[in-house]
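Reader: I am in my first year and still learning to read structures, and I would like to look closely at a single part of this one. Could you walk me through one strand and its setting?

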Amino acid sequence: AYNANPASVTAALDALATLPVDGRRIAVLGAMRELGEHSDEAHAAVGRHAAALGIDVLLGVGAEGRKITEAAGGVATVGTVPDADAALTALRDVLGPGDAVLVKASRAVGLERVAAALVEEAGR
């Protein structure tokens with residue numbers, strides 16, 4: 001959940017898609033900052049890539065996350081939330097046994113709090 005860019009998010013999605021899991025593959029994606037005039041298309045390309053990989057659940061965070069989810073036609077479960085706190089709440093509602101979760105965005109989005117909370121809760 002730190003220093004996201006199109007290449008790192010694509011690579012992370014590729015890794016998620018190849019993980020052996022008993023449950024679903026869930027991606028929680030937010031803004032990739034400092035992309036300038038390429039921002040909208042870069043976020044949309046990530047959404048299309050997630051769909052092409054067959055990611056099961058896609059949760060976009062913030063305005064840029066919405067651009068990702070809007071482009072992700074074919075993903076069975078798609079949602080968008082305004083911020084990291086809402087992302088954690090939404091994840092708690094959908095997580096099941098054996099699910100794998102990818103959390104990726106630029107640091108300003110604050111998704112590291114989501115990842116930390118998920119790890120803590122899994123350890124209980």
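What follows is one connected look at strand 2, beginning with the protein around it.

Author: This is a predicted model, and its chain holds 5 helices and 4 strands, which follow one another along the sequence in the pattern α-β-α-β-α-β-α-β-α. The radius of gyration is 13 Å, close to the 14 Å that the globule rule gives for 124 residues, and the protein is therefore as compact as a globular protein of that length. Of those 124 residues, 42% are buried, and residues 24 or more positions apart account for 64% of the contacts with a separation of 6 or more.

Within this setting lies strand 2, which covers residues 57-61. Because 5 of its 5 residues are buried, the strand is largely enclosed by the rest of the structure; buried here means under 20% relative accessible area. In a regular strand the side chains alternate between the two faces of the sheet. In strand 2, V57, L59 and V61 point one way, while L58 and G60 point the other way, and the residues of both sets are buried.

Strand 2 also has a partner, since strand 1, made up of residues 25-29, runs parallel to it and is joined to it by 4 bridges. If you would like one pair to find in the view, take L29, whose bridge partner in strand 2 is G60, a residue that is itself buried and points the same way from the strand as L58.

Methods: Residues are numbered from 1 along each chain as its sequence is written. This is a predicted model: local features need pLDDT of at least 70, side-chain atom pairs count only at pLDDT 80 or more; totals for chains, interfaces and linings use all residues. Side-chain values use heavy atoms; hydrogens and water are left out. Helices (H or I, at least four residues) and strands (E, at least two) are DSSP runs, numbered from the N terminus. The radius of gyration is taken over C-alpha atoms; the globule rule is 2.2 Å times the number of residues to the power 0.38. Buried means under 20% relative accessible area, exposed over 50%, partly exposed in between (1.4 Å probe, protein chains only). Contact means heavy atoms within 4.5 Å. Two strands pair if DSSP finds at least two bridges between them.
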